[in-house]
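Trainee: I would like to see how the terms used for a model like this one are justified.
Mentor: Then ask about each term in turn, and we will set the value against the cut-off.

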Amino acid sequence: MMFLSLEATDSAIEALSRAYRLSPDNEEIATSYAQISFFANKGQLDASSRRVLQDVLAKNPQHEGAQMLMAMGEARSGNYQQAQAWVTRLRENIVARDGDHSEALNSLDELSRNIQQQQQASLASAKNGAASAQTVAVTVTLNPSLAPLIKPTDILFVTIQESTGGAPLAVKRMSAAELVNAAKGFNI
């Protein structure tokens, strides 16, 4: 976690990989390793992350974090039916528990719609014969009256997501020092 706070993602992945090898039965380490790898690979499950998650699910088929990562990874890989199957499993697990889980179920409905939209966009793109790349230009400025309230160590996360909601499509981490020193434009 220290490596992540220092934005040393490769070192964090290596440390979690070693921790996982030393303690393969620790679900928290395993899912943390898979999650960091997933986000470092721009939302793709590599062979190692997929294997780790499959190991977690073999030991604990109800592990919601692993199921969620599998759903997102399958969707990003274009395996939309498998992604929806993972969402269905998550839904069944949540419904089986006592209590009000309407918020979690609404989030799963949103994820399912997002996967369906990705599938439709993929089909439309295939019909048109070409995939299109999108970039978003974002300019972040700081109101000068807020500058005294911000410490140089504070962090701002800028996220981009569909207007209909869903998981973030892109995330940019910026230090407060970058904002205080100058307005900054960047591409995500």
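**Reasons behind the labels**

Mentor: Start with R50, which in this predicted model has a relative accessibility of 21% and counts as partly exposed.

Trainee: Why is R50 called partly exposed?
Mentor: Buried means under 20% and exposed means over 50%. R50 has 21%, so the label is partly exposed.

Trainee: What makes E74 count as buried?
Mentor: E74 has a relative accessibility of 7%. That is under 20%, so E74 is buried.

Trainee: How do you know that E74 forms a salt bridge with R50?
Mentor: The closest N and O atoms of the pair are 2.7 Å apart. The cut-off is within 4 Å, so the pair qualifies. The pair links distant parts of the chain, with E74 in helix α5 and R50 in helix α4, 24 residues apart.

Trainee: What makes D25 and K59 a salt bridge?
Mentor: Their closest N and O atoms are 2.9 Å apart, and the limit is 4 Å. D25 lies in the loop between α2 and α3, while K59 belongs to helix α4, 34 residues apart.

Trainee: Why is D25 called exposed, and K59 partly exposed?
Mentor: D25 has a relative accessible area of 59%, which is over 50%, so D25 is exposed. K59 has 48%, which falls between 20% and 50%, so K59 is partly exposed.

Trainee: How do you know that E14 and R21 meet in a salt bridge?
Mentor: The N to O distance is 3.9 Å, and within 4 Å is what the rule asks. E14 is partly exposed at 35%, whereas R21 is exposed at 53%. E14 and R21 also belong to a network of salt bridges together with R18.

Trainee: How many salt bridges does the rule give?
Mentor: The count comes to six.

Trainee: Why are α3 and α5 called roughly parallel?
Mentor: Helix α3 (residues 27-40) and helix α5 (residues 64-76) pack at an angle of about 20°, with their axes 10 Å apart. Angles under 35 degrees count as roughly parallel, and therefore α3 and α5 are roughly parallel to each other. Their crossing is left-handed.

Trainee: Which residues make the contact?
Mentor: T31, A34, Q35 and F38 of α3 make it with A66, L69, M72 and G73 of α5. By class, this contact has five nonpolar, three polar and no charged residues.

Key. Residues numbered from 1 in each chain as written. Predicted model: local features only at pLDDT ≥ 70, side-chain atom pairs only at ≥ 80, totals over all residues. Heavy atoms only, no water. Axes fitted to C-alpha atoms, helices over the stretch in contact; angles between N-to-C directions. Helix = DSSP H or I, 4+ residues; strand = E, 2+ residues; numbered from the N terminus. Parallel < 35°, antiparallel > 145°, perpendicular 65-115°, else oblique. Left-handed = near helix turned anticlockwise from the far one by under 90°. Contact = heavy atoms within 4.5 Å. Nonpolar A, V, L, I, M, F, W, Y, C, P; charged D, E, K, R; others polar. Salt bridge = Lys/Arg side-chain N within 4 Å of Asp/Glu carboxyl O. Buried < 20%, exposed > 50% of the residue type's maximum accessible area, 1.4 Å probe, protein only.
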